[in-house]
Amino acid sequence: MYAYDEIDRTLVNERVAEFRDQVKRRLSGELTEDEFKMLRLQNGVYLQLHAYMFRVAIPYGTLSSQQLRRLAHVARRYDRGYGHFTTRQNIQFNWIKLAELPDALADLADVGIHAMQTSGNNTRNVTSDQWAGVAPGEIEDPRIWAEILRQYTTLHPEFSFLPRKFKFAITASANDRAAIKIHDIGLRLHKNAEGETGFEVLVGGGLGRTPFLAKTIRPFVHGSDLLSYVEAIMRVYNQYGRRDNIYKARIKILVHELGIEKFAHEVEEEWQQMREGALKLDDDVVEDIRSRFFYPAYEKLPHMPDELRKAAHDPQFEAWRKNSVSPHKVQGYAIATISLKPVGGPPGDATAEQMDALADLADKYSFGEIRVGHEQNLALPHVAKRDLPALWKALDKAGLATPNVNLVSDIIACPGLDYCSLANARSIPIAQELTRRFANLDTANLIGRLHINISGCINACGHHHVGHIGILGVEKNGEEVYQITIGGRADENAALGALIGPAVPYAEVADVVEDIVEAYLALRERPEELFIDTVKRLGVEPFRERVYATR
Amino acid sequence: MPLVKGGKITDDVFVHVADGAALPDDGAILVPAARLLENPASVLDRKDKIGVIWPNNRDVDDLVPYLDRLAVVALVFPIFRDGRAYSQARLLRERFSYRGELRATGQVLRDQFVFMLRAGFDSFEVKKQSDAEAFAQTVKRYSVFYQPTGDGRLTALHRRMQLRHSESAGL
């Protein structure tokens, strides 16, 4: 965890006071809606179909139990008793009243949470690996750098009115759980030939109407140069990014239109003029940030405690453990992923009661810490293995022990037409129907790892392009129809999915997905060959033939 | 449109010269960039103060040769959501060491005052009278700044280091 100091707290409180004044001026009519819109967006407030939606940042996906309880409080006090975790380590509340927003923000500020820049044409929440700091084999904890970037990008005087939104993601693992290749700037911590730690910098990734995977702009940028290099990229973008067309305004389009070499050259020219300036990070400044991250005092525990050995006889516990528990860098500990994808439920939703229950469990079993992943699940990052059986029982009681992590029913979905004013089609009911179709865990385990991602419009909040199976809802002649892609992925081997055939109506989506899965089971070489690998080996064609033969 | 300068509403001594209009014989003038660039000598050859209105889609590199002759550079926010002039302002102040008046013009609103000050602007053609009147109050909204810019405000990172050093020195 990063501990806010007085300086961080002051800024968040000043921001709340500023927003309170802005809301007051809007309600009195002093501010027009056009003037107010960008101000509220920069505090995470959208106007949705039914009400204002409020998006709160969870920087690099790390929460304390106290913070999670406060999110539960906001859900209960200002909303309808639940929240929705998003693909960018944010949480959204869907039924907030504008007049109450400043109070909700003030309640969150008390525990060091804010909603700054969770929307608007500025740098958004800096995201990272939800297993940062606990995953085995990590270069170092990427959250140190994510926090440096969070501070640097917060209320940046030059980059608060960019051509379009701007997203950072950072990973320090060989397995990319932060989806860095679909971000405007992706950062991969690694060591160069001299053994120094630095960043591979990728630029120009993003989904939406014109999806691109990020390209490497510089294979190695030293940590001390990170901020100056990032500033050079953003300055080039701020000046030359397109502002004439909202769909061409992201940095990915500038990178694409100039070509990565020309873009890199522009950045290099800018960087060389300021890299030795005030943004250079001294070691002691970095150390100061590092020193304010605190880590658990782990005990020396056995690799295989008796409690775990005994519990192995319970098939239900074993099903959960095999699915949801991952190795920790410290012996005797584990990472427990908490699925927010129950059968028939909207992906990523948690009730206030569940948040409170999980906060209590985090205090009891995870040193008071909770993580949020881009797959819209949560995790307890420091669970002693001996506590796993007790944790599982408690999770089960709270409805939080669905053992479907990474399986076909662990679906990513945007809010879609049920909430969102941009959506053309429903996402959540499609996801709910699919979780019912694949409710049988034996079947789901037989299928193995398979990610289904659903977006209700071209803006791709549900990351459909990078789903193993991607589902995109569009509107055609007043009807919701869905385009289906296969072969996408968001990890270190990121790829965009390919269209499998003509769009299908709402009522047929689940049937088509079932047919795709059946085709895979028939086509795979052996049970261990994952869906995504079968698609890679065979291409789309054999799937198309099987799925569309009778349609 | 009220002009805020030195933190207060003041009279604008500069006459805005429209495209194609004749230059007045004397007095301070503010001319469009194109006017300056097409015939620099005709604009710069006068005893009174000269300012230029520089568009946000033209590199400030082109302005650099004239900077030491200019009393005002006015950068443009056609709408407040178009942030290109923030980069231009920082380049003029921090890279090209421009020390004259740097004026924000266009849709200049209260909620961007702090950003503009931090980027190096020191005068503001404010769109609304009420915003201009609220200037002094508004710029006090923030006391914490995370980024180093040319305005010299101490960043959070450096304040922490100072605090740390004064603690370890037993002060």
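In the predicted model, strands β14 and β15 of chain A pair in the antiparallel sense. Two bridges join them. β15(A) covers residues 378–384. Within this pair, A:Val372 has A:Leu378 of β15(A) as its bridge partner. The hairpin of β14(A) and β15(A) has five residues between the strands. One residue there, A:Gln376, takes a positive phi near 70°.

β14(A) also pairs with strand β3 of chain A, residues 62–64. This pairing is antiparallel as well and runs over three bridges. Here A:Leu63 stands opposite A:Ile370 of β14(A). β14(A) itself spans residues 369–372 and is covered on both faces. In a regular strand, side chains alternate between the two faces of the sheet. A:Glu369 and A:Arg371 lie on one side of β14(A), and A:Ile370 and A:Val372 lie on the other. All four are buried. The two charged residues, A:Glu369 and A:Arg371, are thus counted among the buried residues of this strand.

A second set of pairings centres on strand β5 of chain A. β5(A) comprises residues 90–96 and is mostly covered, with six of its seven residues buried. Strand β2 (residues 52–57) of chain A runs antiparallel to β5(A), and five bridges join the two. Strand β4 (residues 82–85) of chain A also pairs with β5(A) in the antiparallel sense, over two bridges. A:Gln92 of β5(A) figures in both pairings. A:Arg55 stands opposite A:Gln92, and so does A:His84. The hairpin of β4(A) and β5(A) has four residues between the strands. In this hairpin A:Gln89 takes a positive phi near 55°.

Chain A as a whole contains 18 helices and 21 strands. Its C-alpha trace spans about 60 × 60 × 60 Å along the principal axes. The radius of gyration of chain A is 23 Å, which agrees with the value near 24 Å for a compact globule of 551 residues. Of these 551 residues, 55% count as buried. Among contacts in chain A with a separation of 6 or more, 68% come from residues 24 or more positions apart.

The largest nonpolar core has 167 residues. The residues with the most contacts inside this core are A:Ile233, A:Ala336, A:Leu358 and A:Ile516. Helix α6(A) provides the largest share of the core, nine residues. Outside its neighbours within four places in sequence, A:Ile233 is in contact with A:Ile185, A:Val203 and A:Val267. A second core is separate and has 40 residues. Its members include B:Val4, B:Ile29, B:Phe77 and B:Leu102.

At the interface, 31 residues of chain A are in contact with 28 residues of chain B. Five helices of chain A each supply at least two residues to the side that touches chain B: α1 (6–27), α2 (33–41), α5 (143–153), α6 (226–240) and α9 (283–291). α1(A) gives the most, with six residues. By residue class, this side of chain A divides into twelve nonpolar, ten polar and nine charged residues. Helix α6(A) therefore appears in two settings, as a contributor to the largest nonpolar core and as a supplier of residues to the side that touches chain B.

Definitions and conventions: Residues are numbered from 1 along each chain as its sequence is written. Chains are lettered from A and ligands numbered from 1 in the order in which they are written. This is a predicted model: local features need pLDDT of at least 70, side-chain atom pairs count only at pLDDT 80 or more; totals for chains, interfaces and linings use all residues. Two residues are in contact if their C-beta atoms, placed from the backbone, lie within 7 Å. A nonpolar core is a set of buried Ala, Val, Leu, Ile, Met, Phe, Trp, Tyr and Cys residues joined through C-beta atoms within 7 Å. A residue is buried if 20 or more other C-beta atoms lie within 10 Å of its own, exposed if 12 or fewer, and partly exposed in between; C-beta atoms are placed from the backbone. Two strands pair if DSSP finds at least two bridges between them. The radius of gyration is taken over C-alpha atoms; the globule rule is 2.2 Å times the number of residues to the power 0.38.
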